[in-house]
Amino acid sequence: MTERKRLVAGNWKMNGLRADGRALARDVAARAREPHRCELLVCPPATLLETVGEALAGSDVALGGQDCHSEPKGAFTGCISAEMLRDAGCMYAIVGHSERRHTCGETDRDVRAKTLAAWRAGLVAIVCVGETRAEREAGRAETVVESQLLGSVPENATAGDLIVAYEPVWAIGTGLTPTMADVTEMHAAIRARIPAGARILYGGSVNPKNAAEILALNEVDGALVGGASLKAEDFWAIAYACR
Ligand code: PGA
């Protein structure tokens, strides 16, 4: 069986001015000089890609973008293409994050187009899926996630160009997390629907306290970290929990 190397990815969301971004990235890069057992990735806002890319140069911390447009270029005010992310030094793009699905009305079809765009530009797509609180309470969590996968992940995905992030919407930024049994069950359901060897990250209130338990699960190939990725110490503590 192919070994799935764990990945700890920081999603900085809409946080950071240049000075903060540079300092945080330098701190992460410095800590990453210590031995670690996972791949590391940070996804800053687009305005910081260049600054953060410079701060990470020479480290093994990769750079990723948050979201991309499906088209390579054109009259799309405010949007950024996958090619632009790649040009700015990115190797990954987060697509289908619930904050975009829910606040920007993105559909599975949009996410699928963005995934294809990421591949076109040579990026690995991190496709986010996850149910709302109401959907979980109604016993529909798995059905919802399966249908998001079906609609968002193109058929020709490979283990090399696809990472799925399971992020229950109700766990994002709330301090709540599913039980370890629920995470295991969902990851196994996802695994049955994606190419063999593709990695599945858990995301939603991962912090230095719960990381070891979550990352110890066989089905969990890493974490997508929001709030806790804004403090190098916490981000590193999560990465360090990959043992
Ligand atoms: P959180 O965010 O770690 O702050 O819950 C995770 C995410 O939205 O990717």
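These legends accompany several close-up views of a predicted model.

**View 1. The ligand and the residues around it.**
Let us start at the ligand, which has 13 residues around it. Lys13, His97, Glu167, Gly173 and Ser205 are the ones that come nearest. By class, this shell holds 4 nonpolar, 7 polar and 2 charged residues.

**View 2. Polar atoms facing the ligand's oxygens.**
Which parts of histidine 97, glutamate 167 and glycine 173 should you look for here? For histidine 97, look for a polar side-chain atom, which lies 2.7 Å from an oxygen atom of the ligand. Glutamate 167 also uses its side chain, with an N or O atom 2.6 Å from a ligand oxygen. With glycine 173 the polar atom belongs to the backbone, and it lies 2.6 Å from an oxygen atom of the ligand. On its own, the ligand has 280 Å² of accessible area, and the protein covers 94% of that.

**View 3. Strand β3 and its neighbour β2.**
Strand β3 spans residues 61-66, and 5 of its 6 residues are buried, so the rest of the structure largely encloses this strand. Strand β2 (residues 39-43) runs parallel to β3, and 3 bridges join the two. To find your bearings in this pair, look for valine 42, which stands opposite leucine 63 in β3. Helix α2 (residues 49-56) completes the picture: together with β2 and β3, this helix makes a right-handed β-α-β unit.

**View 4. From β3 across to β4.**
Here we move on to strand β4 (residues 92-95), which is joined to β3 by 3 bridges and runs parallel to it. Glycine 65 is a handy landmark, with alanine 93 in β4 as its bridge partner. Between β3 and β4 the chain passes through helix α3 (residues 82-87), and this β-α-β crossover is right-handed.

**View 5. The two faces of β4, and its pairing with β5.**
In a regular strand, side chains alternate between the two faces of the sheet. How do the residues of β4 point? Tyr92 and Ile94 point one way, Ala93 and Val95 point the other way, and all are buried. Strand β4 also pairs with strand β5 (residues 124-129), in the parallel sense and over 4 bridges. Within this pairing, valine 95 stands opposite valine 127 in β5.

**View 6. Arginine 101 and its polar partners.**
Arginine 101 sits in helix α4, which covers residues 98-103. Is arginine 101 buried or exposed? Its relative accessible area is 10%, and the cut-off for buried is under 20%, so arginine 101 counts as buried. One polar atom of the arginine 101 side chain lies 2.9 Å from the backbone oxygen of glycine 96. The arginine 101 side chain also makes a polar contact of 3.0 Å with the side chain of serine 152.

**View 7. Valine 145 in helix α7.**
Serine 152 from the previous view and valine 145 both fall within helix α7, which runs over residues 141-152. With a relative accessible area of 1%, valine 145 is buried. Now look across to tyrosine 166, which is 21 residues from valine 145 along the chain. The C-alpha atoms of valine 145 and tyrosine 166 are separated by 8.4 Å.

**View 8. Strand β7, residue by residue.**
How many of the 5 residues of strand β7 (residues 199-203) are buried? The count is 5 of 5, and the strand is mostly covered. Arg199, Leu201 and Gly203 point one way from β7, while Ile200 and Tyr202 point the other way.

**View 9. The strands that pair with β7.**
Two pairings are worth tracing here. Strand β6 (residues 162-166) pairs with β7 in the parallel sense over 4 bridges, and valine 164 stands opposite isoleucine 200 in β7. The chain crosses from β6 to β7 through helix α8 (residues 180-191), in a right-handed β-α-β crossover. Strand β8 (residues 222-225) also runs parallel to β7, joined by 2 bridges. In that pairing, glycine 203 stands opposite leucine 224 in β8.

Methods. Residues numbered from 1 in each chain as written. Predicted model: local features only at pLDDT ≥ 70, side-chain atom pairs only at ≥ 80, totals over all residues. Heavy atoms only, no water. Near = heavy atom within 4 Å. Polar contact = N/O pair within 3.5 Å; in protein donor to acceptor, adjacent residues only side chain to side chain. Areas by Shrake-Rupley, 256 points an atom, 1.4 Å probe, with all protein chains shown as cover. Nonpolar A, V, L, I, M, F, W, Y, C, P; charged D, E, K, R; others polar. Buried < 20%, exposed > 50% of the residue type's maximum accessible area, 1.4 Å probe, protein only. Pairing = 2+ DSSP bridges. Right-handed = clockwise from strand over helix to strand, strands pointing away.
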